[in-house]
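Q: Please take a close look at one part of this model for me, the largest pocket. I'd like to hear what lines it, and then how that part fits in with the rest.

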Amino acid sequence: MSDYLFPPLEVFLLAVAGEAAEFPVRRIFCVGRNYVAHAQEMGGEVDREAPWYFTKQAAHAVHSGAVLPYPPGTENYHHEMELAFAIGAPVFRASAAEAQAAIYAYGCALDMTRRDRQQDGKDNRRPWSLGKDVEGSAVFAGLTKAADFGAVGGQRIHLQVNGEARQGAVLADMVWSCGEIVEHLSRYYHLQAGDIVMTGTPAGVGAVLAGDVIEGGIDGLAPVLLTLTDAE
């Protein structure tokens with residue numbers, strides 16, 4: 001058995017409805033501008049040639065119900081409600097059928113964003129890491145198996161802050177479907193069981209403050225909840 005200079009990072013696990021075993025998260029991919037109205041509110045356009053991505057570290061993932069301090073280095077922290085899906089089998093250069101078959105489960109997620117730091121990156125043509133790859137910024141509810149959730153389409157996706165509605169759409173509004181995302185992403189990565197994809201957010205994103213309670217939901221899935229406290 002190996003000795004370590006310090007304890008290694010624990011694997012982040014997600015509960016799966018109806019399963020005793022949990023889903024170990026390997027990597028987190030995020031799709032940018034996958035709802036037309038959100039792209040417009042951010043002053044951009046949807047790239048209809050192909051989806052595009054950024055990543056978050058699995059070390060920055062937290063479970064629904066987390067109570068976290070308002071993050072450092074920002075004065076404009078935003079909520080983004082998203083559908084996430086979990087890959088359950090290796091897939092590379094997938095066909096459409098193989099891509100859909102590789103989706104094991106779906107869940108609610110929050111992509112929390114330092115919007116001011118993201119804008120810095122846009123303005124200076126630099127990476128978005130300070131805006132997107134933030135400690136505690138990938139918030140996941142438990143997963144529901146794809147077979148139990150059914151086809152992605154008319155389910156409502158929504159978010160409230162302190163009980164006030166902020167975001168609302170249907171999953172059919174996504175520009176790129178989950179299967180299309182897997183098919184495209186698998187041209188560039190050997191996707192593996194444990195990979196998670198966050199599929200983008202609808203319009204209505206906005207700032208949150210210390211003390212806010214953020215709750216999001218998608219019809220048929222466990223809701224996601226985050227509470228922010230004062231900055232450390």
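A: Let's start with the pocket itself: the largest one holds about 210 Å³ of space. Of its 15 lining residues, Pro69, Tyr70, Pro71, Pro72 and Glu135 are the closest to the centre. A pocket here is an open set of points on a 1 Å grid over the protein atoms alone, where a 1.4 Å probe fits and protein lies on both sides within 12 Å along at least five of seven lines; lining residues have an atom within 4 Å of a point. The volume is the space filled by probe spheres set on those points, with grid points joined across faces, edges and corners.

Before going on, a word on what you're looking at: this is a predicted model, in which local features need pLDDT of at least 70 and side-chain atom pairs count only at pLDDT 80 or more, while totals for chains, interfaces and linings use all residues. Residues are numbered from 1 along each chain as its sequence is written, and side-chain values use heavy atoms, with hydrogens and water left out.

Back to the lining. By class there are eleven nonpolar residues, one polar and three charged; nonpolar covers Ala, Val, Leu, Ile, Met, Phe, Trp, Tyr, Cys and Pro, charged covers Asp, Glu, Lys and Arg, and the others, Gly among them, are polar. Strands β6 (66–69) and β18 (224–229) each put at least two residues into the lining. Strands (E, at least two residues) and helices (H or I, at least four) are DSSP runs, numbered from the N terminus.

Those two strands are also partners: β6 and β18 run parallel and are joined by four bridges. Two strands count as paired if DSSP finds at least two bridges between them. Pro69, one of the residues closest to the pocket centre, has Thr229 of β18 as its bridge partner.

Now follow β18 to another neighbour. Strand β17 (residues 213–218) runs antiparallel to β18, with four bridges between them. Val213 is matched with Thr227, and Glu215 with Leu225. The hairpin of β17 and β18 has five residues between the strands, and Gly220 there takes a positive phi near 90°.

What about the two sides of β18? In a regular strand the side chains alternate between the two faces of the sheet. In β18, Val224, Leu226 and Leu228 make up the covered face, and Leu225, Thr227 and Thr229 the uncovered one. Thr229 and Thr227 on that uncovered face are the bridge partners of Pro69 and Val213.

One strand further along, β17 also pairs with β13 (156–161), antiparallel and over five bridges. Leu159 stands opposite Gly216 of β17. The loop from β13 to β14 (164–170) holds Asn162, a residue other than glycine with a positive phi, near 55°. Asn162 is partly exposed, at 48% relative accessible area; that label sits between buried (under 20%) and exposed (over 50%), taken with a 1.4 Å probe and protein chains only.

Elsewhere there's an open sheet of three strands in the order β10-β7-β16, with antiparallel pairing. Its edge strands, β10 (113–114) and β16 (206–207), each pair on one side only. β7 (residues 77–79) and β10 share two bridges, and Tyr77 is the bridge partner of Arg114.

For a part with plenty of cover, try helix α6 (residues 178–185): six of its eight residues are buried, so it is largely enclosed by the rest of the structure. They are Cys178, Gly179, Ile181, Val182, His184 and Leu185. What covers them includes β3 (28–31), β4 (53–56), β8 (81–87), α2 (96–101), β9 (103–111) and β15 (196–198).

Stepping back, the protein has six helices and 18 strands. Of its 232 residues, 49% count as buried. Among contacts (heavy atoms within 4.5 Å) with a separation of 6 or more, 77% are between residues 24 or more positions apart.
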